[in-house]
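Open the model in your viewer and switch to a cartoon view. Keep the selection box ready for a short tour.

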Amino acid sequence: MTQHSRDTPQFYLTAPSPCPYLPGRHERKVFTHLVGDKAGDLNDLLTHGGFRRSQSIAYRPACDQCRACVSVRVVANEFRSSRNFRKVLARNADLIGEQRSAVPTSEQYSVFRAYLDRRHRNGGMADMTVLDYAMMVEDSHVETRIIEYRKRNADSAITGRGDELVAVALTDVLSDGLSMVYSFFDPAQESRSLGTFMILDHIARARRQGLPYVYLGYWIEGSKKMDYKGRFLPQQRLAPSGWLRIDAAGDDISEPQD
């Protein structure tokens, strides 16, 4: 493979397949490979343009006559924690988040497998083996981290480590934010609202690191699976004219943001 072909992305279009979010519709995706020395820069650029990463692939919906999938990023420094969000933080005050290199473990896979079996048993990832999981974590040519959420113990204040693993987030570090690639949790801990907690924790992490945004992927109005992302405000949503600011649920779109 020549240096030119590695540094110049080639884009491809998938065949139509049933939409996993909106019944009766079909989806297509445009995608390219994230490889080579400039994979990180390309991932930054494509994320700003509405792409998501899955292993060494960057993809974006390219559906005929449908624009329901809208890229969302939370404005971290201006995020306003609602009463419900504060309750979630209090409910999980006994957890500690440990950031690690993107290395898979059998402990992570055990939580991942339980999560799929309980919440996504009929989904496209339901048959993922431990090797598939390892590829999901390791097959990255960009700066990627694993954040493990564990229950605190008596020594956590000193060691910064916890005990029982209850949730995991696979996260890319971009030039302007954190991009939550995939997260999962122990379904026996469902009452903790761990999906929400991990987003709140990433917003706090972005603030501490001086990063302006947390990228949440696609918000889809009318989809129960994705509609929750609209609660993290203020946020920006990607439209044909650029990133548009939303300050409150149900807000009209404001002027494009840089």
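How do H4 and H5 stand to each other: roughly parallel or roughly perpendicular? Keep in mind that the model you see is predicted.

**Stop 1: two crossing helices**

Select residues 106–119 for helix H4 and residues 130–138 for helix H5. Look at where their axes come within 10 Å. They cross at roughly 105°. Angles of 65 to 115 degrees count as roughly perpendicular. H4 and H5 are therefore roughly perpendicular to each other.

Now show side chains. On the H4 side, pick Gln108, Tyr109 and Phe112. On the H5 side, pick Val130, Tyr133 and Met136. These residues make the contact. Colour them by class: five are nonpolar, one is polar and none is charged.

**Stop 2: another crossing**

Next, select helix H3, residues 83–91, together with H7. Their axes come within 10 Å and cross at roughly 95°. H3 and H7 are therefore also roughly perpendicular to each other. Show Phe85, Val88 and Leu89 of H3. Add Thr196, Phe197 and Leu200 of H7. The contact between the helices is made by these residues. Here, too, the classes are five nonpolar, one polar and no charged.

**Stop 3: along H7**

Hide H3 and stay with H7, residues 194–208. Put a distance label from its first C-alpha to its last. The helix has 15 residues and reaches 21 Å, close to the 21 Å expected at 1.5 Å a residue.

How many of the 15 residues of H7 are buried? The count is 11, so the helix is mostly covered. Among them are Leu194, Met198, Asp201, His202 and Arg205. Phe197 and Leu200, which you selected at the previous stop, are buried as well. As you turn the helix, remember one rule. An α-helix has 3.6 residues a turn, so residues three or four places apart point the same way. Then step just past the end of H7, to Gly210. This glycine takes a positive phi of about 70°.

**Stop 4: Ala39 and its helix**

Select Ala39, which is found in helix H2, residues 39–48. Is Ala39 buried or exposed? Its relative accessible area is 1%, so Ala39 is buried. Buried means under 20%. Which residues touch Ala39, leaving aside its neighbours within four places in sequence? Show Leu34, His141 and Val142. For a longer reach, draw a line from Ala39 to Glu107. They are 68 residues apart in sequence and 29 Å apart in space, C-alpha to C-alpha.

Now widen the view to H2. Besides Ala39, the buried residues here are Leu42, Asn43, Asp44, Leu46 and Thr47. The buried residues of H2 pack against several strands, including E4, E10 and E12. Just after H2, click on Gly50, where phi is positive at about 95°.

**Stop 5: an open sheet**

Turn to the strands that form an open sheet of four, in the order E1-E4-E6-E5. The pairing is antiparallel. Strand E1 (12–13) and strand E5 (52–54) stand at the edges. Each has a single partner strand, so one side of each is left without a neighbour in the sheet.

Zoom in on E4, residues 29–33, and E6, residues 57–61. Five bridges join these antiparallel strands. Find two opposite pairs across them: Thr32 faces Ala58 in E6, and His33 stands opposite Ile57 in E6. Then move to E1, which two bridges join to E4. Leu13 stands opposite Val30 in E4. Colour E4 by face. Val30 and Thr32 lie on the covered face. Lys29, Phe31 and His33 make up the uncovered one.

**Stop 6: E10 and its partners**

Finish with strand E10, residues 165–173. Eight of its nine residues are buried, so E10 is mostly covered. On one pairing, seven bridges join E10 to strand E9, residues 144–151, and the two run antiparallel. Pick Arg145 and find its bridge partner in E10, Thr171.

E10 also pairs with strand E11, residues 177–185, in the antiparallel sense over seven bridges. Select Leu170; its bridge partner in E11 is Tyr182. Last, trace the hairpin that joins E10 to E11 through three residues.

Technical notes: Residues numbered from 1 in each chain as written. Predicted model: local features only at pLDDT ≥ 70, side-chain atom pairs only at ≥ 80, totals over all residues. Heavy atoms only, no water. Buried < 20%, exposed > 50% of the residue type's maximum accessible area, 1.4 Å probe, protein only. Contact = heavy atoms within 4.5 Å. Pairing = 2+ DSSP bridges. Expected span 1.5 Å × (residues − 1). Axes fitted to C-alpha atoms, helices over the stretch in contact; angles between N-to-C directions. Parallel < 35°, antiparallel > 145°, perpendicular 65-115°, else oblique. Nonpolar A, V, L, I, M, F, W, Y, C, P; charged D, E, K, R; others polar.
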